[in-house]
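Student: I would like a close look at a single part of this model, taken slowly. Please begin with the spaces inside and go from there to whatever lies beside them.

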Amino acid sequence: MTVDSGAAGSAGASTKSAIPRNPGRLDLGMRATLVFPNREIVERYYVPLIYTACRTCYSELAPDDIFERAVDGRITPEKQRELIGRVIESGHGSTIEHVVFTFAITGVSRTLSHQLVRHRAGVAFDQQSQRYVSYKKGASTMLPATIADADPNLRRDYEEQVEGALELYSEMVEAGIPGEDARFVFPNATRTNLVMTANLRALIHMSGLRLCTMAQWEIRRLFQLIRHEVFAVSPFLGSFLAPKCVPLGYCDEAGNRDEHCPIRPHKDKVLAAWAEKAGRTGKGREGPLEP
Ligand SMILES: Cc1cc2nc3c(=O)[nH]c(=O)nc-3n(C[C@H](O)[C@H](O)[C@H](O)COP(=O)(O)OP(=O)(O)OC[C@H]3O[C@@H](n4cnc5c(N)ncnc54)[C@H](O)[C@@H]3O)c2cc1C
């Protein structure tokens, strides 16, 4: 039997002329909870740890001395944040691989989890198994808002298909078909739970891609929740979780050449302006793509 939360939604159809609606305004019935670290650990140890990694490169002091000074306040938190900010902006990413964030992610669809686990570097996942969990109470599913708001007949057909699939799953399990085989009938809409641990560098990279308005609405919403959680323990570190165009200063998405997303100018426009200026002043190369 389908357990449809009825609370799902989507950012709506994305057209070239409009930014998809912000999925953050809808309750999708999913959660992302930062289970480790808490605020005290981040403030007391994470920031000093990152500072130590950064400062070691430029100091005669031993790393453990630097860490001690950072933890006991001889190096002020402001000074630590100032150096860390400069190093992150310069792209010296190994310094922020020393700290990790662990999230409990619940109620996301398999459509989302398939995208999420494509991230490989600096991130670990453990996901609810459809082999070992037999969904005796019925599997939950996600209903996109475009379908919820569609022609009622279309929505009904969709819901019947999904419910039918889940009913068939239960029938098969009752008839002795192993769960690992019965699950073949599950739709992409089926909800799942994961634990995700990412180091800060990976988290910034993933957020850059998934907070972008070109990302799919559900995973974009997940990263809005993740950003919110990191912000709650550290507004400083949370501020680095942003669409990739924010630190880049331009948009590099081919699908946004028409600049329907206005957060940053498209790369083509920036390069054209640069080529024009270089041509006028006679400085630099004539065209940005010439060797
Ligand atoms: C808007 C959007 C649309 C997408 N559409 C599709 C699609 O249609 N089809 C599809 O299959 N996927 C799609 N993807 C997934 C995408 O191709 C990547 O697999 C996914 O975003 C993971 O990104 P990543 O490889 O940068 O990240 P990670 O795996 O987290 O890696 C982080 C970074 O580490 C480096 N790195 C990691 N592994 C290696 C390696 N083996 N060699 C060298 N460097 C490495 C790279 O610099 C990489 O950027 C889409 C992603 C987005 C954001």
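Tutor: Before we sort residues into classes, note that Ala, Val, Leu, Ile, Met, Phe, Trp, Tyr, Cys and Pro count as nonpolar, Asp, Glu, Lys and Arg as charged, and the others, Gly among them, as polar. The model is predicted, with local features needing pLDDT of at least 70 and side-chain atom pairs 80 or more, while totals for chains, interfaces and linings use all residues. Residues are numbered from 1 along each chain, and side-chain values use heavy atoms, without hydrogens and water.

A search of the whole structure turns up 1 cavity of 30 Å³ or more (a set of points on a 1 Å grid over the protein atoms alone where a 1.4 Å probe fits but cannot get out; a pocket is an open set with protein on both sides within 12 Å along at least five of seven lines, and lining residues have an atom within 4 Å of a point). The largest cavity has a volume (the space filled by probe spheres on points joined across faces, edges and corners) of about 110 Å³. It is lined by 14 residues, of which C212, T213, C245, C251 and C261 are the closest to its centre. By class, this lining divides into 8 nonpolar, 2 polar and 4 charged residues.

Turning to the open spaces, the largest pocket has a volume of about 590 Å³. Its lining counts 22 residues, and those closest to its centre are I88, I204, K244, P247 and L248. Two or more lining residues come from each of α3 (77–89), α8 and α11 (245–248), where helices (H or I, at least four residues) and strands (E, at least two) are DSSP runs numbered from the N terminus. The most is given by α8, with 5 residues. In this lining, 11 residues are nonpolar, 7 are polar and 4 are charged.

Helix α8 leads us on to the sheet. This helix, residues 200–210, lies across β3, β4 and β6 (contact means heavy atoms within 4.5 Å) and runs at about 125 degrees to β6 (angles, from 0 to 180 degrees, are between N-to-C directions of lines fitted to C-alpha atoms, for helices over the stretch in contact). Helix α9, residues 217–233, also packs on the sheet, where it touches β2, β3 and β6, and its direction makes about 145 degrees with that of β3.

The sheet itself is open and consists of 4 strands in the order β2-β3-β6-β4, with antiparallel pairing (two strands pair if DSSP finds at least two bridges between them). Because β2 (31–36) and β4 (123–127) stand at the edges, each with a single partner strand, one side of each is left without a neighbour in the sheet. On average, neighbouring strands are turned by 20 degrees against each other, direction ignored.

Strands β3 (residues 100–109) and β6 (residues 191–199) are joined over 8 bridges in the antiparallel sense. Following the partners, V100 has N199 of β6 as its bridge partner, whereas S109 has R191 of β6. On β6 there is also the pairing with β4, antiparallel over 5 bridges, in which V123 stands opposite A198 of β6.

Two backbone details remain, beside the edge strands. A cis peptide bond, with omega of about 5 degrees, joins F36 and P37, and P37 lies in the loop between β2 and α1. Y135 is not a glycine and yet has a positive phi of about 50 degrees; Y135 is found in the loop between β4 and β5 (140–141). For comparison, most residues other than glycine have a negative phi, and most peptide bonds are trans.
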